[in-house]
Amino acid sequence: MNFPAVRPRRTRQSDLWRRMVRETRLTPDQLIYPLFVVPGRGVRHPVQSMPGVCQLSVDEAVQEARAIEQAGLPAVLLFAAPDHKDAEASAALDPHGLAAEAIAAIKAACPTLQVWADVCLCGATDHGHCGHVLPGGVIDNDSSVQTLAQVALNYARAGADALAPSDMMDGRVRAIRAVLDREGFSMTPIVSYAAKYASAFYGPFREAAESAPAFGDRRSYQMDPANAREALHEVLLDVAEGADLVMVKPAGPYLDILRQVRDAVRLPVVAYQVSGEYSLIKAAAERGWIDERAAVLETLTGIRRAGADLIITYFAPQVARWLRA
Ligand code: PBG
């Protein structure tokens with residue numbers, strides 16, 4: 001059968017038809033909003049490279065979380081940029097540190113909102129790397145994993161609903177799972193940043209999280225953008241180590257990876273539409289060069305179509321408003 005008997009435009013001819021045959025849906029339930037917490041009170045410090053995104057003190061983060069909960073979004077992903085940074089990442093290990101304090105405060109204020117805690121060392125280390133640095137500048141895997149597991153435990157004790165290790169050290173999911181289970185958090189899920197690429201699109205985030213590496217780059221632990229098979233290797237390892245959800249990051253330039261991961265595992269797949277993906281659309285929209293709403297919904301639909309069940313995106317509150325309008 002072929003034209004003129006076959007006419008795909010028949011089921012495209014009206015909004016009703018298009019709604020009925022739509023294959024991919026976007027709902028607020030699928031969106032997670034990142035929050036950046038900084039010391040102080042009453043602080044709402046705009047991130048220059050991410051219009052509409054602010055660094056927030058804990059009290060302001062609680063207000064923001066309330067609005068997120070009201071908007072019907074299910075979860076926030078928390079990043080902390082403490083003042084005190086040292087080689088041991090002490091601030092991330094401190095039960096009264098900034099991240100722990102923010103987790104507890106948001107959980108107390110927002111009973112129907114999940115707080116996912118990003119687990120990494122880069123926001124709390126003086127050198128800005130995601131693990132411990134050996135003399136000569138090598139990032140030491142195994143000691144970093146031990147510290148990361150203690151950071152995860154600290155955030156679980158503060159009340160985090162899920163722990164999201166973003167460091168890309170080998171074996172950290174297994175180590176985090178073991179510590180959590182031993183300490184009474186066997187029901188706290190791990191959202192693994194499983195296939196996280198060494199990407200230029202993290203640039204704006206490093207302003208927000210104050211986590212740019214002081215020397216070198218992250219290519220000895222984050223993945224080479226040229227590799228796809230290796231992403232499946234990483235994802236399957238994290239599944240075997242006990243991850244409950246697996247993440248691909250960034251999202252837009254890695255839709256092929258999302259599709260392959262979706263086909264390879266049965267766990268929920270999360271995509272992170274990262275800071276650079278956000279800032280590109282914002283910058284073009286500010287100049288009137290692109291229709292922001294249409295472009296955002298198209299990118300998120302594409303990420304869902306490629307295989308993501310959940311999407312972490314800085315557009316989440318705006319999209320929740322658009323989807324309800
Ligand atoms: C920290 C971390 C980064 C992001 C999330 N967790 C930055 C990095 O790895 O350099 C990037 C998020 C974004 O760009 O929106 N390890």
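Around the ligand sit 18 residues (those with a heavy atom within 4 Å of it), and the closest are Lys 196, Arg 206, Lys 249, Ser 275 and Tyr 314. This is a predicted model, where local features need pLDDT of at least 70, side-chain atom pairs count only at pLDDT 80 or more, and totals for chains, interfaces and linings use all residues. Residues are numbered from 1 along each chain as its sequence is written, and side-chain values use heavy atoms, with hydrogens and water left out.

By class, that shell holds 10 nonpolar, 3 polar and 5 charged residues. Three side chains make polar contacts with the ligand, meaning N or O atom pairs within 3.5 Å:

| Side chain | Ligand atom | Distance |
|---|---|---|
| Ser 166 | nitrogen | 3.2 Å |
| Lys 196 | oxygen | 2.7 Å |
| Tyr 314 | oxygen | 2.6 Å |

On its own, the ligand has 400 Å² of accessible area (Shrake-Rupley, 1.4 Å probe), and the protein covers 100% of that. As for where the ligand sits, look in the largest cavity. A cavity here is a set of points, on a 1 Å grid over the protein atoms alone, where a 1.4 Å probe fits but cannot get out; sitting in one takes more than half of the molecule's atoms within 2 Å of its grid points.

Now the cysteines. Searching the whole structure turns up 0 disulfides (cysteine sulfur pairs within 2.5 Å). Cys 110 is in none, with the nearest cysteine sulfur, from Cys 54, 17 Å away. Cys 110 is also buried (under 20% relative accessible area, 1.4 Å probe, protein chains only), at 0%. Cys 130 is in no disulfide either, although the sulfur of Cys 120 is 3.5 Å away. Cys 130 counts as buried too, at 1% relative accessibility.

Definitions and conventions
A polar contact is a pair of N or O atoms within 3.5 Å; within protein, one must be able to donate a hydrogen and the other to accept it, and residues adjacent in sequence count only if both atoms are side-chain atoms. On a 1 Å grid over the protein atoms alone, a cavity is a set of points where a 1.4 Å probe fits but cannot get out, and a pocket is an open set with protein on both sides within 12 Å along at least five of seven lines; lining residues have an atom within 4 Å of a point. Ala, Val, Leu, Ile, Met, Phe, Trp, Tyr, Cys and Pro count as nonpolar, Asp, Glu, Lys and Arg as charged, and the others, Gly among them, as polar. Buried means under 20% relative accessible area, exposed over 50%, partly exposed in between (1.4 Å probe, protein chains only).
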